[in-house]
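Q: Could you show me how to read a helix, a buried side chain and an enclosed space in a model?

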Amino acid sequence: MPDPSYTAALDRLTRFLPEAGRNYAARRNYDDRGGVSVLSPYIRHRIITEDDVLRATLARHSPQAAEKFVQEVFWRTYWKGWLELRPTIWASYQSDLRAALNRVQTESGLRQEWEAACKGGTGIDCLDHWAKELAATGYLHNHARMWFASIWIFTLRLPWALGADFFLRHLIDGDPASNTLSWRWVGGLQTQGKTYLARADNIAKYTEGRFRPNGLATHAPALDGPPTPPPGPVPQSDAIETNKRTGLLLTEEDLSPGWLLDRITPVATARVQTTAQRSPLAVSPLVTDFVSAAMTNCTQRFADRMGPITELSPNGIRQWAAEHDLEQVVTAYAPTGPTADALRGTALQRIIRPYDSRAWPCATHGFFRFKDQIPKLLSTIAG
């Protein structure tokens, strides 16, 4: 498990920055962690933020030299915004997953094939290696994730939602938007009719000869699914009343709460971990332990500004607020996903980061239209 501390995140960023320009562009597709930043576990939980990473990158490289890395950071932002404008897609994924898990319980052949794929026992050497690597480390290179999803869907013909769930249970950087929508894209549900086919020669090239699998599917017909819904309204922050007795709710969605603490002075803070809600099945201890340790590190960093800190389940928030005579509970907006689901129905003042407020409205269509807005979005990041 990577060190989940803020200091470790900054150290990782500092060590990567010299490579964030043309070296990253040249090596990013190779299944080699040395060619990528491996910052995603930190950005996913906002131990460091997209602002932090982009600002540091542009202090070292021109936007042109770092174009590919900058776009990679914004892909995560784009996926979040796209799903935030279409939250029914998350509900649809959950429904598909429940249906697939019901099939697993009643179809012994499917259960055996699913278990073999998760345990690395399919006989497809690259897929088996990546399944074991994911379970052992909580991480996979992005290109390996695409190959894995394609082989899962088109060669093994397993339900895509089971594969998305396998990733979300094991990826330390598992993000509901990036994970769900990337699997949908591979299967032809996201950009309808457009699929991604894993090819042996491409795998051989970008694993530098480590793998050249035989027997992969040669066609990738798009999965059937309903049409993509149109974008809905952009969410807005709730109002904060500065004269009210205020509590802070800390979740795993934003572990850099300084921006909120500049606006409020909480008399108490509640820490709520929702990692277990990422799946109906058991989430990897690598994931739960990373998040727990990251939340501890966060509360230690900001302890002098948080008041007494209590660890709670979502069901305990109301009682905690009553015990501290709180008139409002402020939290960083939890985007569509398990944390938002767990907090639904709880009286909270949800505040959206300015970065998200600027970027999410641009996620109405495909990434290439969003990409046209990147220069404007970069201009809003303070130097």
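A: Take helix H9, residues 142-155, where helices are DSSP runs (H or I, at least four residues) numbered from the N terminus: at 1.5 Å a residue, counted over one less than the number of residues, its 14 residues should span 20 Å, and its end C-alpha atoms are 19 Å apart, which agrees. This is a predicted model, in which local features need pLDDT of at least 70 and side-chain atom pairs pLDDT 80 or more, while totals for chains, interfaces and linings use all residues. Residues are numbered from 1 along each chain as its sequence is written, and side-chain values use heavy atoms, leaving out hydrogens and water.

Q: How many of the 14 residues of H9 are buried?

A: Eleven are buried (under 20% relative accessible area, 1.4 Å probe, protein chains only), so H9 is largely enclosed by the rest of the structure. Among what covers them, by contact (heavy atoms within 4.5 Å), are helix H8 (125-137) and helix H10 (160-170).

Q: What does the side chain of Asp 165 make a polar contact with?

A: Asp 165, found in helix H10, is buried with a relative accessible area of 0%, and its side chain makes a polar contact with the side chain of Ser 279 (2.5 Å); such a contact is a pair of N or O atoms within 3.5 Å, one able to donate a hydrogen and the other to accept it, and residues adjacent in sequence count only if both atoms are side-chain atoms.

Terms used
Helix = DSSP H or I, 4+ residues; strand = E, 2+ residues; numbered from the N terminus. Buried < 20%, exposed > 50% of the residue type's maximum accessible area, 1.4 Å probe, protein only.
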